[in-house]
Amino acid sequence: MIDIQSKIHDSNTIEFKVGYIAQPDMPESDFVMNTWIFMPESLDINRRTFSKAMFYQNVHSHIRLITPTFTLAQLTSADNMPFRMLVRAINRLERFNNPRALEKFESEVKMAASIFKSTLRDTYRMVLSEGGQPDHCRIMTKGIDTWLNQYRSLYITVNRLNNPTAKEYYQFADEFISNVTEQHLFLLCSYLKKEKRDTWDEVKTDISDLLNKELAYKKDMGYLYVEAQSTDNNKGFIHRAGMLKKFAESNLFLAVSKRRNTFLLEQLAFMLAAGLSMIFATMIAFSFQQTYGNFTLPLFIALVVSYMFKDRIKELIRFYFAHKMGSKFYDYKTSMSIHYLKLGWCKEGFDYITPDKLPPNVQQKRQRNTLLEISRGVNEQIILYRKKMHLKRKNVSKSSHYPMEGVNDIIRCNLFEFMRNMDDPGVPLYANDGSGGYSEVSGRRVYFINFVIQCTYQDITTEYYHYRVAISKNGIEDITAIL
């Protein structure tokens, strides 16, 4: 199956987190994700102004394994798997103290930190989805406190190893865990204060005590923390937090090798184009030679003209085949592996299409039905971005002793090029007060870019998603899922 989550990454970039989950009973799984991007024609995005090369410069994909899923109750149980594997890695390092044991310890520390972050995120979302009930909030704070105490109980043992590198790895993960704890607790505080004031009054002591305890711990350990009166706008904290995030999640990122997918076919097409143009030139030369003989002026002129046509015919045929192959085949193929274990591959392709090439279900999902939308002058340009993912379920499972389900493809699409021809966002307006008077008000001009995504698994199940992105010259303002 395929799972999609969308968000605004920054003012110019939207992010789609696509989870490809391979079924355990299938040795190999194939997924197809087709994305149609509908843009107002007024943005002047077309083949001439926004080429295929520019598209791939503005779309970046990061592929990693899906973080193993644990509930907070599972993660804080007496014999939870992350803690058990971490203790085993410490014992191995204490016994052997070699590079291989240190590498294993580093891996387990990173995995424990990543799992905690994922579990904390899911728990926070669950609390919000259940309406911020006091019991759920207390379960979350108690579970966090239990995990922190459990993880930090190993500090004395790690310190006793007399291995400075291992101690640093442990503290990197500890600082990362502290950061995500504060982040989610503050998000919970903000939500409760705005939406659930009664619940906040009940649980604020529990949350505040945990936050105060964490701040004191950070100061005691010498970790960076956010300061309200920071002289550098907390630049040091933000930079280090980003590095810690990369450290903790690096255990899940895959080694990828990207190459052109149609290189051989392109060369064959170009050879065919050269051959056909040569046949044309040779036929003209032979025909004039038989008619006018060798070393004559008509033959000389015919050779020059045939050479001119030969060159143009070759280029036209090359363009024709390149365009046809671009619409039928994928542009790039990315091989994925981890620890020299091949997990599968991913292909991607790009092209502009016309409205008559849209599948009926995509047209229906786009919902461009009103007379104003389909009238002349409000046309759209359509980009089709295709991806195909192939996973080897057995190798995915072998990649870790944790239960691995598949891979996440984090696609970031920078829309800055789409903003170049936008009008200024501020629009002066006049509001009629109904009594002959008016007032000056400020309006906001936005453009809407629609993403319709078709996800197919094993040619069996197909799902559609529709996202509308509101964007102005100042950047992305909103992204909305259209049901």
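**Sheets, helix pairs and buried positions in a predicted model**

An open sheet of four strands is present, with the order β1-β2-β9-β4 and antiparallel pairing. Its edges are formed by β1 (2–10) and β4 (59–65), each of which pairs on one side only. On average, and with direction ignored, neighbouring strands of this sheet are turned by 20° against each other. The model described here is predicted. Within the four-stranded sheet, β4 runs antiparallel to strand β9 (residues 406–414), and seven bridges join the two. In this pairing, Ile 63 has Asp 409 of β9 as its bridge partner. Cys 413 has a relative accessibility of 9% and therefore counts as buried, the threshold for this class being under 20% relative accessible area.

The protein as a whole contains 14 helices and 14 strands. Of its 483 residues, 44% are buried. Among contacts with a separation of 6 or more, 73% are between residues 24 or more positions apart.

A further open sheet is formed by eight strands in the order β5-β6-β7-β8-β3-β12-β13-β14, and its pairing is antiparallel. The edge strands are β5 (255–260) and β14 (475–482), each pairing on one side only. Neighbouring strands in the eight-stranded sheet are turned against each other by 20° on average, direction ignored.

Strand β3 (residues 28–40) lies between β8 and β12 in the strand order. Of the 13 residues of β3, 11 are buried, so this strand is largely enclosed by the rest of the structure. On the β8 side, 13 bridges join β3 to β8, and the two strands run antiparallel. Asn 34 stands opposite Arg 386 of β8 in this pairing. With strand β12 (residues 447–457), β3 shares eight bridges, again in the antiparallel sense. Here Phe 38 stands opposite Asn 450 of β12.

Strand β8 (residues 380–392) also pairs with strand β7 (residues 341–353), in the antiparallel sense and over 10 bridges. Cys 346 has Met 389 of β8 as its bridge partner. The relative accessibility of Cys 346 is 4%, and this residue is therefore classed as buried.

Tyr 385 is also located in strand β8. With a relative accessible area of 4%, Tyr 385 is buried. When neighbours within four places in sequence are left aside, the residues in contact with Tyr 385 are Met 33, Asn 34, Thr 35, Phe 55, Tyr 56, Val 59, Glu 348 and Gly 349. Among these contacts, Met 33, Asn 34 and Thr 35 fall within the residue range of β3 (28–40), whereas Glu 348 and Gly 349 fall within that of β7 (341–353). Val 59 belongs to the range of β4 (59–65), an edge strand of the four-stranded sheet. The C-alpha atom of Tyr 385 is separated by 9.4 Å from that of Ile 453, a residue 68 positions away along the chain. Ile 453 falls within the range of β12 (447–457).

Two helix pairs were examined. Helix α4 (residues 99–129) packs against helix α5 (residues 134–152) at an angle of about 170°, the axes being 10 Å apart. The two helices are therefore roughly antiparallel, since angles over 145 degrees fall in that class. On the α4 side, the contact is made by Val 109, Ala 112, Phe 116, Leu 120, Thr 123, Tyr 124, Met 126 and Val 127. The residues of α5 that take part are His 136, Cys 137, Met 140, Ile 144, Trp 147 and Tyr 151.

Helix α7 (residues 164–195) and helix α8 (residues 197–221) pack at an angle of about 155°, with 10 Å between their axes. This pair is therefore also roughly antiparallel. The crossing of α7 past α8 is left-handed. Residues of α7 in the contact include Gln 171, Asp 174, Leu 185, Phe 186, Leu 188, Cys 189 and Leu 192. Those of α8 include Arg 197, Trp 200, Val 203, Ile 207, Leu 210, Leu 211, Tyr 217 and Met 221.

Cysteines thus occur at several of the positions described, including Cys 137 in the α4–α5 contact and Cys 189 in the α7–α8 contact. Zero disulfides are found in a search of the whole structure.

Technical notes
Residues are numbered from 1 along each chain as its sequence is written. This is a predicted model: local features need pLDDT of at least 70, side-chain atom pairs count only at pLDDT 80 or more; totals for chains, interfaces and linings use all residues. Side-chain values use heavy atoms; hydrogens and water are left out. A disulfide is a pair of cysteine sulfur atoms within 2.5 Å. Buried means under 20% relative accessible area, exposed over 50%, partly exposed in between (1.4 Å probe, protein chains only). Two strands pair if DSSP finds at least two bridges between them. Axes are lines fitted to C-alpha atoms, for helices over the stretch in contact, and angles run from 0 to 180 degrees between N-to-C directions. Angles under 35 degrees count as roughly parallel, over 145 as roughly antiparallel, 65 to 115 as roughly perpendicular and the rest as oblique. A crossing is left-handed if the near helix is turned anticlockwise from the far one by less than a right angle, and right-handed if clockwise. Contact means heavy atoms within 4.5 Å.
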